[in-house]
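Visitor: Please take me slowly through one part of this molecule, and explain each term as you come to it. I would also like to know how much trust the model deserves, and what lies elsewhere in the chain.

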Amino acid sequence: MGEERLGKAGDVNTMMSLITKPDTVTHTQQCDGQTKETDKGLLLGHMTEQQASDYRQVTVQQPELCVDDDEEIMRRAREEGRVDVLFPGCVTQDGCCRFVCELLKCVLYQRQQLPMTYDQMVFFQKQQLATTQLEEGAVRKSIKPSGDTNWQRCQRTLRELDEVLGHLEVLFSLSYIPRVLFLLGSSGIPTELYEINMEALVQGGSDRSLRTSLCLRRLFRTLFVADLLSDVKPVRLMGTTVVALAHRDCGVEWFKPKVDFKVPTRGKRHVISLASGATESGQTKVDARDWDDYIWFQTPVTIKGFCK
């Protein structure tokens, strides 16, 4: 658990290579007007028409973050435990689900509840399964009891995480989801709480919304600049529970309704707030909703931390 984890802005490309498509391109720019690290014209020349349009929305409507912005992001994260991410346009409902799922994977890894990233664990599991199928007898004899236990724990954690991710997709397809909580430790008084607040996001159709991959780049770039998740101290293994705010009549079956649930105020709390700026149509307001019709739903399973 003492290995160095991604926690600085310079590591963004490493993490983003795991969660975005290979054709997604980004660039960096100095804030004082000096020479850019990447020529914008050359960059746009390698993009499709749709990618170039999205790129301009993300970079022209809201310029790249400069040093002063980075310092403010770090200050707010350090003093307030809060990270604000502004997208210059609409996002899709599926995009919101992707934000939450990728953040859950990231939080589990960064908070030392997974020994490697989710994608690396999936790859490792596939390798182990392939080896076991090819040389089942030899492998079973060569694996020590401790190694076999680690392999079983890895499978269990992946199974629990995949189950939560799959049912989150179902929940997002049934209801508008303004807030999601990751509770590390007890669900009553968690050791750490991470809130994903999406109340200020403007949702639209895929034809007039920003590409999810580009939004993910902005989200994780801001998150790593904020250095919200890193901790030099080792973190003990904990169970992680996901709680989401959804319409009481959405019809979801797997999640457990928690009508009397109150957001815990004790323990370490962090908020990642996602918002939409002005869209091409000038829309900036989020649709008004009757929040009395929304209740919290909790996952019936806990994702148990795993360390090899």
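Guide: The protein has nine helices and eight strands, where a helix is a DSSP run of H or I with at least four residues, a strand is a run of E with at least two, and both are numbered from the N terminus. What you see is a predicted model, in which local features need a pLDDT of at least 70 and side-chain atom pairs count only at pLDDT 80 or more, while totals for chains, interfaces and linings use all residues. Residues are numbered from 1 along each chain as its sequence is written, and side-chain values use heavy atoms, with hydrogens and water left out.

Let us begin with the trust. The pLDDT is the predictor's confidence in each residue, on a scale from 0 to 100; its mean over this protein is 78, and 69% of the residues reach 70 or more. Over residues 57-65 the pLDDT is below 50, and this stretch has 26 contacts in the model beyond near neighbours in sequence, a contact being heavy atoms within 4.5 Å. The pLDDT is also below 50 over residues 141-146, a stretch that has one contact in the model beyond near neighbours in sequence.

Of the 308 residues of the protein, 47% count as buried, which means a relative accessible area under 20%, whereas exposed means over 50% and partly exposed lies in between, with a 1.4 Å probe and protein chains only. Among contacts between residues at least 6 apart in sequence, 86% join residues at least 24 apart.

The part for our close look is the pair of helices H5 and H9. Helix H5 covers residues 93-110, and 16 of its 18 residues are buried, so H5 is largely enclosed by the rest of the structure. The expected span of a helix is 1.5 Å times one less than its number of residues; for the 18 residues of H5 this gives 26 Å, which agrees with the 26 Å between its end C-alpha atoms. Helix H9, residues 212-226, has 15 residues that should span 21 Å, and its end C-alpha atoms are indeed 21 Å apart. H9 is mostly covered too, with 13 of its 15 residues buried.

Now look at how the two helices meet. Their axes come within 11 Å and cross at roughly 35°, where axes are lines fitted to C-alpha atoms, for helices over the stretch in contact, and angles run from 0 to 180 degrees between N-to-C directions. The crossing of H5 and H9 is right-handed, the near helix being turned clockwise from the far one by less than a right angle, whereas an anticlockwise turn would make a crossing left-handed. From H5 come Gly95, Arg98, Phe99, Glu102, Leu103, Cys106 and Gln110, and they meet Thr212, Cys215, Leu216, Leu219, Phe220, Leu223 and Phe224 of H9. By class, this contact has nine nonpolar, three polar and two charged residues; Ala, Val, Leu, Ile, Met, Phe, Trp, Tyr, Cys and Pro count as nonpolar, Asp, Glu, Lys and Arg as charged, and the others, Gly among them, as polar. To read the spacing of such a list, remember that an α-helix has 3.6 residues a turn, so residues three or four places apart point the same way.

What follows each helix also deserves attention. H5 is followed by Gln112, which lies in the loop between H5 and helix H6 (118-134) and has a positive phi of about 65° although it is not a glycine. Gln112 counts as buried because its relative accessibility is 4%. H9 is followed by Asp227, in the loop between H9 and S4; Asp227 also has a positive phi, near 55°, in a residue other than glycine. With a relative accessibility of 24%, Asp227 counts as partly exposed.

Two further residues extend the picture. Gly89 sits in the loop between strand S1 (82-87) and H5, and its 2% relative accessibility is why Gly89 counts as buried. Although Gly89 and Gly277 are 188 residues apart in sequence, their C-alpha atoms are 5.7 Å apart in space. Beyond the loop after H9, strand S4 (residues 239-247) holds His247, whose contacts, leaving aside neighbours within four places in sequence, are Ser175, Tyr176, Asp293, Tyr294 and Phe297. His247 and Tyr294 are 47 residues apart in sequence, with 4.3 Å from C-alpha to C-alpha.
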